[in-house]
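The following note is addressed to a colleague who has not yet worked with this structure. It concerns aromatic rings and one helix.

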Amino acid sequence: MTDTVSAGASAPEIALRDQYGQEVLLSSLRGGPVLVVFYPLAFSGVCSGELADLSEHHAEFKELDVTVLAVSVDSTFALRTWSDREDFPFALLSDFWPHGATARDYGVFDEQRGVARRGTFLIDGHGTVRWTVRTPAGEPRDVTEYLRQARELAG
């Protein structure tokens, strides 16, 4: 497994399709901070709770001009179904093919399970990773910590 991308490193490019089939490029989001949240699978219990929590706090991220990108190995079709059902206000990106390539680039792909690990990356407007955390499987992430880090980045 590749080491997890650490704070201070340049963020690897992300070029993935969202739940609507539109390509999203991390480099096109330069100028503002981006929160990249890798999660194992759509519709799973912990992931559903995490993304619901992100959704509930989305207005606070918007106030800080933070773009939220949630990434899994699910197909765009599964992500669209999940997004339509849950009304997520942010992009769900499909790292389906080549399977997990972006998660591998960030060092959060679980080769044994074939899914992304719970890795979170806060990237500044210049494309530099400013903060990152890995959360153990089965343990939900703390969205309030994401907001604290985003506020700190905003100064």
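The points below take the ring pairs first and the helix afterwards.

1. The model is predicted. A search of the whole structure finds 8 aromatic pairs. One of them joins Phe88 and Phe90: the ring centres lie 5.5 Å apart and the planes meet at 25 degrees, under the 30 degrees required, so this pair is stacked. Both Phe88 and Phe90 are buried.

2. A pair of a second kind is formed by Trp131 and Tyr146. Their planes stand at 65 degrees with the centres 5.9 Å apart, so the pair is edge-to-face. It links distant parts of the chain, with Trp131 in strand E9 (residues 129–135) and Tyr146 in helix H5 (residues 143–154), 15 residues apart. Trp131 counts as buried at 15% relative accessibility, and Tyr146 is buried with a relative accessible area of 3%.

3. Ring pairs also connect Tyr39, Phe43, Trp82, Phe88 and Phe90 into a cluster. Elsewhere, a ring meets a charge: the charged end of Arg104 sits over the ring of Phe109, 4.0 Å from the ring centre.

4. Which residues of helix H3 (residues 76–86) are buried? They are Thr76, Leu79, Trp82 and Ser83. These residues lie on the same side of H3, because the arc they cover around the axis is only 125 degrees. An α-helix has 3.6 residues a turn, so residues three or four places apart point the same way.

5. The other side of H3 carries Phe77 and Arg85, which are exposed. Just after H3, Asp87 adopts a positive phi of about 60 degrees.

Key:
Residues are numbered from 1 along each chain as its sequence is written. This is a predicted model: local features need pLDDT of at least 70, side-chain atom pairs count only at pLDDT 80 or more; totals for chains, interfaces and linings use all residues. Side-chain values use heavy atoms; hydrogens and water are left out. Rings of Phe, Tyr and Trp (its six-membered ring) pair if their centres lie within 6.5 Å; planes under 30 degrees apart count as stacked, over 60 as edge-to-face and the rest as tilted. Buried means under 20% relative accessible area, exposed over 50%, partly exposed in between (1.4 Å probe, protein chains only). Helices (H or I, at least four residues) and strands (E, at least two) are DSSP runs, numbered from the N terminus. A charge sits over a ring if NZ of Lys or CZ of Arg is within 6 Å of the ring centre and within 35 degrees of the ring normal. The arc is that of the directions from the helix axis to the C-beta atoms.
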